[in-house]
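Trainee: Could we go through this one together before I set anything up? I'd like to get the layout straight.

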Amino acid sequence: LSSSPSRKGVPRKCKGKKLRLNRSKHHKITFELRGVSVDLVAFPPDSGETQSSVDIRVHDFEIFDHVPTSTWRKFATYMQDAGERETGTSMIHIEILNVKPIPELAASEIVLKATVLPLRLHVDQDALDFITRFFEFKDDSAPVHTSPGDVPFLQRVEVNSIQVKLDFKPKRVDYAG
(Lines give C-alpha, C1' and ligand atoms only; values in the text may rest on other atoms or scores of the structure.)
Protein backbone atom coordinates (compact mmCIF):
# COMPACT_ATOMS: atom_id res chain seq x y z
CA LEU A 1 0.00 0.00 0.00
CA SER A 2 1.20 3.45 -0.75
CA SER A 3 0.60 6.31 1.60
CA SER A 4 0.09 9.12 -0.90
CA PRO A 5 -2.11 11.97 0.33
CA SER A 6 -5.54 12.43 -1.22
CA ARG A 7 -5.70 15.21 -3.81
CA LYS A 8 -9.45 15.77 -3.47
CA GLY A 9 -9.14 18.60 -0.96
CA VAL A 10 -6.17 20.33 -2.57
CA PRO A 11 -7.07 23.42 -4.59
CA ARG A 12 -5.76 23.46 -8.14
CA LYS A 13 -3.06 25.96 -8.95
CA CYS A 14 -3.49 28.12 -12.03
CA LYS A 15 -0.64 27.31 -14.39
CA GLY A 16 -0.76 30.68 -16.14
CA LYS A 17 0.58 33.81 -14.55
CA LYS A 18 -1.85 36.08 -12.72
CA LEU A 19 -3.16 38.98 -14.75
CA ARG A 20 -2.13 42.42 -13.61
CA LEU A 21 -5.28 44.43 -14.08
CA ASN A 22 -4.36 48.08 -13.79
CA ARG A 23 -5.43 51.16 -15.68
CA SER A 24 -3.18 51.66 -18.66
CA LYS A 25 -1.29 54.92 -19.11
CA HIS A 26 -2.04 54.88 -22.83
CA HIS A 27 -5.32 54.26 -24.65
CA LYS A 28 -5.47 51.18 -26.86
CA ILE A 29 -8.85 51.94 -28.45
CA THR A 30 -10.74 55.25 -28.35
CA PHE A 31 -14.47 55.57 -29.00
CA GLU A 32 -15.27 59.13 -30.08
CA LEU A 33 -18.88 60.32 -30.14
CA ARG A 34 -19.60 63.92 -31.15
CA GLY A 35 -22.94 65.68 -31.20
CA VAL A 36 -24.73 63.33 -28.79
CA SER A 37 -28.39 64.25 -28.18
CA VAL A 38 -30.86 62.42 -25.96
CA ASP A 39 -34.57 63.18 -25.67
CA LEU A 40 -36.44 61.46 -22.85
CA VAL A 41 -40.22 61.63 -22.55
CA ALA A 42 -41.97 60.00 -19.59
CA PHE A 43 -45.72 59.69 -19.97
CA PRO A 44 -48.09 59.92 -16.98
CA PRO A 45 -49.55 56.65 -15.64
CA ASP A 46 -52.72 55.39 -17.33
CA SER A 47 -52.04 57.50 -20.44
CA GLY A 48 -51.72 54.53 -22.77
CA GLU A 49 -49.48 51.63 -23.67
CA THR A 50 -46.26 53.69 -24.02
CA GLN A 51 -44.72 54.57 -20.67
CA SER A 52 -41.57 56.34 -21.84
CA SER A 53 -39.61 57.17 -24.95
CA VAL A 54 -35.86 57.66 -25.39
CA ASP A 55 -34.46 59.09 -28.63
CA ILE A 56 -30.64 58.96 -28.93
CA ARG A 57 -28.75 60.61 -31.79
CA VAL A 58 -24.99 60.65 -32.38
CA HIS A 59 -23.92 63.03 -35.13
CA ASP A 60 -20.38 61.61 -35.56
CA PHE A 61 -19.00 58.26 -34.40
CA GLU A 62 -15.44 57.01 -34.85
CA ILE A 63 -13.26 54.34 -33.27
CA PHE A 64 -9.52 55.03 -33.19
CA ASP A 65 -6.93 52.24 -33.01
CA HIS A 66 -3.93 53.04 -30.77
CA VAL A 67 -2.63 49.46 -30.43
CA PRO A 68 1.13 49.82 -31.13
CA THR A 69 1.29 46.81 -33.49
CA SER A 70 -1.71 47.89 -35.59
CA THR A 71 -1.10 49.30 -39.03
CA TRP A 72 -4.28 51.42 -39.26
CA ARG A 73 -5.28 54.25 -36.95
CA LYS A 74 -9.05 54.47 -37.65
CA PHE A 75 -10.95 51.31 -36.78
CA ALA A 76 -14.40 52.65 -37.75
CA THR A 77 -15.69 55.83 -39.38
CA TYR A 78 -18.30 57.10 -41.85
CA MET A 79 -17.90 55.53 -45.31
CA GLN A 80 -17.02 58.37 -47.68
CA ASP A 81 -17.62 56.06 -50.68
CA ALA A 82 -21.35 56.15 -49.88
CA GLY A 83 -21.46 59.81 -50.88
CA GLU A 84 -21.94 63.09 -49.08
CA ARG A 85 -24.00 62.91 -45.91
CA GLU A 86 -27.29 64.73 -45.88
CA THR A 87 -26.97 67.87 -43.76
CA GLY A 88 -28.07 67.33 -40.18
CA THR A 89 -28.31 63.53 -40.31
CA SER A 90 -27.04 61.60 -37.33
CA MET A 91 -24.61 58.78 -37.89
CA ILE A 92 -26.39 56.70 -35.22
CA HIS A 93 -30.08 57.06 -34.33
CA ILE A 94 -31.64 54.81 -31.68
CA GLU A 95 -35.28 55.00 -30.61
CA ILE A 96 -36.36 53.10 -27.49
CA LEU A 97 -39.98 52.79 -26.37
CA ASN A 98 -40.85 51.36 -22.96
CA VAL A 99 -44.33 49.88 -23.38
CA LYS A 100 -46.76 48.05 -21.15
CA PRO A 101 -49.21 46.18 -23.40
CA ILE A 102 -51.01 44.55 -20.44
CA PRO A 103 -51.65 47.19 -17.75
CA GLU A 104 -52.31 44.59 -15.03
CA LEU A 105 -48.78 43.14 -15.27
CA ALA A 106 -45.87 44.81 -13.49
CA ALA A 107 -43.41 43.99 -16.28
CA SER A 108 -42.86 46.33 -19.18
CA GLU A 109 -41.39 45.63 -22.61
CA ILE A 110 -38.92 47.42 -24.86
CA VAL A 111 -39.32 48.29 -28.55
CA LEU A 112 -36.00 49.32 -30.11
CA LYS A 113 -35.29 50.78 -33.55
CA ALA A 114 -31.75 51.59 -34.76
CA THR A 115 -30.47 53.36 -37.86
CA VAL A 116 -26.75 53.60 -38.66
CA LEU A 117 -25.20 55.42 -41.63
CA PRO A 118 -22.71 53.53 -43.84
CA LEU A 119 -19.59 52.38 -41.97
CA ARG A 120 -16.00 52.01 -43.12
CA LEU A 121 -14.05 49.50 -41.01
CA HIS A 122 -10.27 49.07 -40.98
CA VAL A 123 -9.84 46.06 -38.73
CA ASP A 124 -6.39 44.98 -37.61
CA GLN A 125 -6.19 41.56 -35.91
CA ASP A 126 -4.42 42.97 -32.82
CA ALA A 127 -7.04 45.68 -32.28
CA LEU A 128 -9.86 43.17 -32.78
CA ASP A 129 -8.27 40.83 -30.22
CA PHE A 130 -8.00 43.69 -27.71
CA ILE A 131 -11.63 44.77 -28.17
CA THR A 132 -12.82 41.17 -27.87
CA ARG A 133 -10.86 40.60 -24.64
CA PHE A 134 -12.01 43.94 -23.22
CA PHE A 135 -15.73 43.33 -23.74
CA GLU A 136 -15.54 39.66 -22.66
CA PHE A 137 -13.97 40.55 -19.29
CA LYS A 138 -16.04 39.65 -16.26
CA ASP A 139 -15.09 40.84 -12.78
CA ASP A 140 -15.59 37.88 -10.44
CA SER A 141 -15.70 40.19 -7.40
CA ALA A 142 -18.68 42.18 -8.73
CA PRO A 143 -22.10 41.00 -7.52
CA VAL A 144 -24.31 39.42 -10.19
CA HIS A 145 -28.06 40.04 -10.09
CA THR A 146 -29.88 37.02 -11.45
CA SER A 147 -33.48 37.86 -10.63
CA PRO A 148 -35.61 37.56 -13.80
CA GLY A 149 -37.38 40.85 -13.00
CA ASP A 150 -34.14 42.78 -13.65
CA VAL A 151 -33.77 41.53 -17.22
CA PRO A 152 -35.72 43.69 -19.70
CA PHE A 153 -37.91 41.91 -22.24
CA LEU A 154 -37.34 43.01 -25.84
CA GLN A 155 -40.71 42.94 -27.59
CA ARG A 156 -39.32 44.02 -30.96
CA VAL A 157 -35.92 45.09 -32.31
CA GLU A 158 -35.61 46.74 -35.72
CA VAL A 159 -32.18 47.46 -37.19
CA ASN A 160 -32.29 49.11 -40.59
CA SER A 161 -29.79 47.79 -43.13
CA ILE A 162 -26.25 49.08 -42.63
CA GLN A 163 -23.88 49.42 -45.55
CA VAL A 164 -20.40 48.27 -44.40
CA LYS A 165 -17.06 48.25 -46.18
CA LEU A 166 -14.49 46.12 -44.35
CA ASP A 167 -10.73 45.87 -44.71
CA PHE A 168 -9.24 43.17 -42.47
CA LYS A 169 -5.56 42.63 -41.77
CA PRO A 170 -5.00 39.22 -40.17
CA LYS A 171 -1.82 38.56 -38.21
CA ARG A 172 -2.44 34.87 -37.57
CA VAL A 173 -4.16 32.41 -39.88
CA ASP A 174 -5.35 28.99 -38.69
CA TYR A 175 -5.01 26.91 -41.84
CA ALA A 176 -6.08 23.74 -40.01
CA GLY A 177 -9.40 25.36 -39.00
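Mentor: We can start with the overall fold and then go through the helix, single residues, salt bridges and the surface. Keep in mind throughout that this is a predicted model.

Trainee: Okay, how many helices and strands does the protein have?

Mentor: There is 1 helix, and there are 8 strands. Following the sequence, the elements come in the pattern β-β-β-β-β-β-α-β-β.

Trainee: And how much of it counts as buried?

Mentor: Of the 177 residues, 22% count as buried. The protein exposes about 14,300 Å², of which carbon and sulfur atoms supply 57%.

Trainee: What share of the contacts comes from residues 24 or more positions apart?

Mentor: Such pairs account for 72% of the contacts, when contacts with a separation of 6 or more are taken as the basis.

Trainee: Let's turn to the helix. What span should α1 have, and what do its end C-alpha atoms give?

Mentor: Helix α1 covers residues 125-136, and because each residue is taken to add 1.5 Å, its 12 residues should span 16 Å, which agrees with the 16 Å between its end C-alpha atoms.

Trainee: Which residues of α1 are buried, and what do they pack against?

Mentor: The buried ones are Gln 125, Asp 126, Ala 127 and Ile 131. They pack against β1 (29-42), β2 (50-65), β3 (74-78), β6 (119-124) and β8.

Trainee: Which residue caps the N-terminal end of α1?

Mentor: Asp 124 does, with a side-chain oxygen placed 3.0 Å from the backbone nitrogen of Asp 126.

Trainee: Switching to the loop between β2 and β3, is Ser 70 buried or exposed?

Mentor: Ser 70, which lies in that loop, counts as buried because its relative accessibility is 4%, and the cut-off for buried is under 20%. Leaving out residues up to four places away in sequence, Ser 70 touches Asp 65, Asp 124, Asp 126, Ala 127 and Lys 171. Among these contacts, then, are the capping residue Asp 124 and two of the buried helix residues, Asp 126 and Ala 127.

Trainee: What about Val 111, where is it found and what is it in contact with?

Mentor: Val 111 is found in strand β5, residues 109-116, and it is buried, with a relative accessible area of 8%. Beyond its neighbours within four places in sequence, Val 111 is in contact with Glu 95, Ile 96, Leu 97, Val 99, Gln 155 and Arg 156. You may also want the C-alpha distance from Val 111 to Ser 53, which is 9.6 Å for residues 58 apart in sequence.

Trainee: On to charges: how many salt bridges does a search of the whole structure find?

Mentor: The search finds 14 salt bridges. One of them joins Arg 34 to Asp 60, with the closest N and O atoms 3.9 Å apart. That pair links distant parts of the chain, since Arg 34 is in strand β1 and Asp 60 in strand β2, 26 residues apart. Arg 34 itself counts as partly exposed, at 34% relative accessibility.

Trainee: Which residues are linked with those two in a network?

Mentor: The network of salt bridges links Glu 32, Arg 34, Asp 60, Glu 62, Lys 74 and Arg 85.

Trainee: And Arg 120 with Asp 167, what N to O distance is there?

Mentor: The side chains of Arg 120 and Asp 167 meet in a salt bridge at 2.8 Å, N to O. Here the link runs from strand β6, which holds Arg 120, to strand β8, which holds Asp 167, across 47 residues. Arg 120 is buried, with a relative accessible area of 16%, whereas Asp 167 counts as partly exposed at 27%.

Trainee: How far apart are the closest N and O atoms of Asp 129 and Arg 172?

Mentor: They are 2.1 Å apart in this salt bridge. Asp 129 sits in helix α1 and Arg 172 in the segment after β8, 43 residues away in sequence. Both count as partly exposed, with relative accessibility of 23% for Asp 129 and 48% for Arg 172.

Trainee: Last topic, which residues make the nonpolar surface patch?

Mentor: Leu 128, Leu 154, Val 157, Val 159, Ile 162, Val 164, Leu 166 and Phe 168 make a patch of about 680 Å². Strands β7 (153-159) and β8 (164-169) each supply at least two of its residues. Ile 162 is found in the loop between β7 and β8, and it is partly exposed, with a relative accessible area of 34%.

Technical notes
Residues numbered from 1 in each chain as written. Predicted model: local features only at pLDDT ≥ 70, side-chain atom pairs only at ≥ 80, totals over all residues. Heavy atoms only, no water. Patch = residues over 30% accessible without salt bridge, like charges linked within 9 Å, V, L, I, M, F, W, Y side chains within 5 Å. Areas by Shrake-Rupley, 256 points an atom, 1.4 Å probe, with all protein chains shown as cover. Salt bridge = Lys/Arg side-chain N within 4 Å of Asp/Glu carboxyl O. Helix = DSSP H or I, 4+ residues; strand = E, 2+ residues; numbered from the N terminus. Buried < 20%, exposed > 50% of the residue type's maximum accessible area, 1.4 Å probe, protein only. Expected span 1.5 Å × (residues − 1). Contact = heavy atoms within 4.5 Å. Polar contact = N/O pair within 3.5 Å; in protein donor to acceptor, adjacent residues only side chain to side chain.
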